[in-house]
Number of protein chains: 2
Amino acid sequence: MTPPATHTRIVLARRPRGVPEEDDFRAEKTAIPAPGPGEVLVRTVHLSLDPYVRGTLTGRDLGHAPVAPGDLVPGRAVAQVVDTGAWVLAETGWQEYAAVPASSLRPVEVPPGVPRTAALGALGMPGLTAYAAVTRLLRPEPGDTVVVSAAAGAVGGTAGQLAALAGARTVAIAGGPDKCRVAVERLGYAAAVDRHAPDWTEALADACPDGVDGYLHMAGGAVLEGVLDRLAPGGRVVLCGLPDHANETGHTVLPAGAVMRARATVHGLVVYDHQDLAPRFAERVGRLVAEGRLRLLEDAHEGLTSAPAAFRRLMTGANVGKSIVHVAPEPAPRRRRRP
Amino acid sequence: MTPPATHTRIVLARRPRGVPEEDDFRAEKTAIPAPGPGEVLVRTVHLSLDPYVRGTLTGRDLGHAPVAPGDLVPGRAVAQVVDTGAWVLAETGWQEYAAVPASSLRPVEVPPGVPRTAALGALGMPGLTAYAAVTRLLRPEPGDTVVVSAAAGAVGGTAGQLAALAGARTVAIAGGPDKCRVAVERLGYAAAVDRHAPDWTEALADACPDGVDGYLHMAGGAVLEGVLDRLAPGGRVVLCGLPDHANETGHTVLPAGAVMRARATVHGLVVYDHQDLAPRFAERVGRLVAEGRLRLLEDAHEGLTSAPAAFRRLMTGANVGKSIVHVAPEPAPRRRRRP
């Protein structure tokens, strides 16, 4: 595998205001980065798009450095080490090749038959987020009603399935009838509520006749208030994503009266706090995926330059499944290339 | 003990708007209630004033029936059974004599040397509330910083002392310099912040250099927002009282961003959910009070007709300590009456 002399990278053109526009980014043709001491060159194959990236663009993310105009946009990818061909998870950023510290690489570990992109979704950070939310904070018991917003997204799609496997009746909240249909037909939610519908709170009440025992929040503030009104006594609420904050379009608030009325518990979830769950998560969810008991769903885009539009799609909640940009094709199996 | 033919009772004159006024109540002279089947006549000696009563006056309390104009104002008291002289806890309402179901009475159990009024405060519902908040939800560890609002009130005064006994550094938030002084000098808080001072959030930051690990909220919404801005990672917040809601003067909201930033846990506490703690609470806190390791503080008022003004004082947060109306004198010890 000999890399070309130049490649494409995507940098921040200007700080986004509100929901990111495609013009907030700019593709550049540059020399391939030269690995420094302790670094290796990797080729980006599958780039993960994640909501946390929005925060880095205005310096608001908890776990990552702020990104200034002209800087490479950060991102994690399934990549291949150029020298060895080894498959790794790497913080490549939005570029075709990256020089990264060898010590930062982790092997891509997916069960046989499972696509490597699962390591960015159900078997990656979004999956661990869902696993921590469900097993540690929502703790559904059989018969509980668990509501998941952004239900067809990377975290929500996994969380809904995990809650259902734990015996909960799961109700999806998603934007638009298409995503609601996907939620029920492909992700196994018992019911789905379209948050764009004017009567969505009534639909939620119909779907949750005994109230909401657990709620995973990754949507706008209006959704949070609507669900809190339906909270059952002792209900658990996990705040996992605040798109209003990420997009700087508003400030989500929780009505304290609803928390009191339900004697609820509200948790703020940041996945980095739950790394201790990673080994058990990898083993259990890996098996569920391999056995076909937990379905993968991807919002796939072709070519690095599709990343800005795909990211806008993600940040408006238009994606269905885990957002992935296929930056390079996976190489064909060796025995077919060398017959 | 022979009761008179008539007595005084206080009824709701009109539904309060906002903070209750004295004119929202009316004293009436009426015949002493006649006990029905299964009921006994009790004499109210010490009447407890509690914030939950405000909710009953506009039908918003979780655990009590709504009160209409003309109805007796509800309340719990240390009372004496007229026939036997036995000391009991009874739901007398705001009146000098009450006919109550015998099955509803509980004996007043306070350790030797402890005043019976403690059964309405530190050894009663407010004390159990504080005990549940501290031991079950805030769970302070030695070195934690625990902030208590309404810190010199019935719940706050006990909670602050319990958190300090658990090894926490405790910081009071109270209204005005007098209550702040009481909080430090009599209730043992390490520091106190006057929420009426314009720079109170800076004073809070100074008092909590390592952030707030636990917060017991019983104040206005502005206090909640100010404390949440100082929350340490993993902080626990207990919503225990919402005076804005009780007084119908506003709607308290929690900024979701602050909950996320601190990866906090927020609990809505209603004491009725924690009755299982009552035996352990009675044993442990009873001993602490008897040993003088937990101090009692009372905001005492003389005579039933002082109740409306005292209640207004409570609902504006002007009380220092547990609000009690001494409706009747305690009888002198028997051996002094019959020498």
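**Close-up 1. An aromatic cluster in chain A.** In this predicted model, the residues F25(A), W94(A) and F311(A) come together as one aromatic cluster. Over all chains, the structure holds eight aromatic pairs, and two of these pairs are taken up in the views that follow.

**Close-up 2. The tilted pair of Y131(A) and F281(A).** The ring centres of Y131(A) and F281(A) are 5.7 Å apart and their planes stand at 50 degrees, so the pair is classed as tilted, an angle between the 30 degrees below which planes count as stacked and the 60 degrees above which they count as edge-to-face. The pair links distant parts of the chain, with Y131(A) placed in helix α2 (residues 125-138) of chain A and F281(A) in helix α9 (residues 278-290) of chain A, 150 residues apart. Both Y131(A) and F281(A) are buried.

**Close-up 3. The edge-to-face pair of F25(B) and F311(B).** In chain B, the rings of F25(B) and F311(B) form an edge-to-face aromatic pair, with 6.0 Å from centre to centre and 90 degrees between the planes. Because F25(B) belongs to strand β2 (residues 25-31) of chain B and F311(B) to helix α10 (residues 307-315) of chain B, the pair ties together parts that are 286 residues apart in sequence. F25(B), at 8% relative accessibility, counts as buried, and F311(B) is likewise buried, its relative accessible area being 0%.

**Close-up 4. Arginine over tryptophan in chains A and B.** In chain A, R116(A) lies over the face of W87(A), at 4.0 Å from the ring centre. In chain B, R116(B) lies over the face of W87(B), at 4.0 Å from the ring centre.

Notes: Residues numbered from 1 in each chain as written. Chains lettered and ligands numbered in written order. Predicted model: local features only at pLDDT ≥ 70, side-chain atom pairs only at ≥ 80, totals over all residues. Heavy atoms only, no water. Phe/Tyr/Trp six-rings, centres within 6.5 Å; stacked < 30°, edge-to-face > 60°. Helix = DSSP H or I, 4+ residues; strand = E, 2+ residues; numbered from the N terminus. Buried < 20%, exposed > 50% of the residue type's maximum accessible area, 1.4 Å probe, protein only. Lys NZ or Arg CZ within 6 Å of the ring centre and 35° of its normal.
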